[in-house]
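Please look through the structure shown here, with attention to its pockets, its aromatic rings and one residue taken in its surroundings. The paragraphs that follow take these topics in turn.

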Amino acid sequence: MGSNGPAPFSEIGKKARDLLNKDYNFDHKFNLTLLSGTGLGLVTTAVQKDQLFVGDVNTQYKTGNTTVDVKVDSSSNVSTTIAVNEIVQGTRAALSFKLPDHKSSKLDVLYLHPHAAVTTSIGLTNTPLLEFSTAIGTRQISLGAEVGFDTKSGSLTKYNAGIGYNTDDLSASLILGDKGETLKASYIHIVNPFIGTAVAAEMTHKFTTYENSFSIGSSHSLDPFSLLKTRFAHNGKVAMIYQREWRPKSLVTFSAEYDTKVVEATPKFGLALALKP
């Protein structure tokens, strides 16, 4: 499902967030993906925590415009999502629920228009949580907002607004979040698309505490199969990622982080392995 209009509100600033945060992992992580020609897929994820491996199993089945996703986590919770694309042109609807927590059931609907992207979410309970977001404009520039309302307490759970600007080689955003308490600006620029070099920055200001924070990062393709990412944050933490595609769609990722403000700090290391036979 595609559109020449703006992306949903949740996508504003996503490119910079992904460069600065995606794939950073400081545990031992294993991911196995098995795909079949019938549309059935199986994903197993395990992460080492306190010398133990915990994880989940995710089964996905696709047929036509319908996708059924079933996930079982280490606590034996079963989460199911049934998504259908193009019920009406430009729409996507998803019904999700979790067992044994039956109160988690909700219905999400996305509608894409050449000049707007609208998402709604309603909890399927007697006192549902309602969420609504919209973005208007074009694929290049969009203005959006989101709001959440708890019908049980009669209170707003969130209200945020933002603006995003996108071109082929850069993306910038400004988001007023946390019920107007936080202002976040992000920027990502593809310096050299031929060798995959990009830089990104994100700055946050909290109005109540006058606290400022930032993180800057870069991404560079060493060759067609290798990626190097770096990140430096205001708290003095320096991190890097080296990712290698050692076979088609199979990745090994090494992560490291060091706190420069802590005397005799111990570096953190992580290893993630993703296999797609």
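In this predicted model, strand E1 (28–35), strand E18 (250–259) and strand E19 (268–275) each contribute at least two residues to the lining of the largest pocket. That lining is made up of 16 residues, and those nearest the centre of the pocket are Asp 23, Lys 29, Asn 31, Leu 251 and Ala 274. The space within the largest pocket comes to about 380 Å³, and its lining divides by class into six nonpolar, five polar and five charged residues.

The second largest pocket holds about 310 Å³ of space and is likewise lined by 16 residues, with Ser 10, Asp 108, Thr 119, Thr 120 and Ser 133 lying nearest its centre. Two or more residues of this lining come from each of strand E6 (91–99), strand E7 (106–113), strand E8 (116–123) and strand E9 (129–137). Sorted by class, the residues around the second largest pocket are six nonpolar, five polar and five charged.

From the pockets we turn to the aromatic rings, of which the structure holds two pairs. In one of these pairs, the ring centres of Phe 214 and Phe 232 are 6.3 Å apart and the planes meet at 50°, so the pair counts as tilted, given that planes under 30 degrees apart would be stacked and those over 60 edge-to-face. The two partners are 18 residues apart and link distant parts of the chain, with Phe 214 in strand E15 (residues 211–223) and Phe 232 in strand E16 (residues 226–233). How accessible is Phe 214? Its relative accessible area is 33%, and Phe 214 is therefore partly exposed, because this class lies between the limit of 20% for buried and that of 50% for exposed. Phe 232, with a relative accessibility of 33%, also counts as partly exposed. A further arrangement at a ring involves a charged side chain, for Arg 231 lies over the face of Tyr 24, at 4.1 Å from the ring centre.

The last stop is Lys 276, which is found in the segment after E19. Its relative accessibility of 35% places Lys 276 among the partly exposed residues. Which residues does Lys 276 contact, leaving aside its neighbours within four places in sequence? With those neighbours set aside, Lys 276 is in contact with Thr 33, Pro 248, Lys 249 and Ser 250. Ala 239, by comparison, is separated from Lys 276 by 37 residues in sequence, and the C-alpha atoms of these two residues are 27 Å apart in space.

Conventions: Residues are numbered from 1 along each chain as its sequence is written. This is a predicted model: local features need pLDDT of at least 70, side-chain atom pairs count only at pLDDT 80 or more; totals for chains, interfaces and linings use all residues. Side-chain values use heavy atoms; hydrogens and water are left out. Rings of Phe, Tyr and Trp (its six-membered ring) pair if their centres lie within 6.5 Å; planes under 30 degrees apart count as stacked, over 60 as edge-to-face and the rest as tilted. Helices (H or I, at least four residues) and strands (E, at least two) are DSSP runs, numbered from the N terminus. Buried means under 20% relative accessible area, exposed over 50%, partly exposed in between (1.4 Å probe, protein chains only). A charge sits over a ring if NZ of Lys or CZ of Arg is within 6 Å of the ring centre and within 35 degrees of the ring normal. On a 1 Å grid over the protein atoms alone, a cavity is a set of points where a 1.4 Å probe fits but cannot get out, and a pocket is an open set with protein on both sides within 12 Å along at least five of seven lines; lining residues have an atom within 4 Å of a point. Grid points are joined across faces, edges and corners, and a volume is the space filled by probe spheres set on the points. Ala, Val, Leu, Ile, Met, Phe, Trp, Tyr, Cys and Pro count as nonpolar, Asp, Glu, Lys and Arg as charged, and the others, Gly among them, as polar. Contact means heavy atoms within 4.5 Å.
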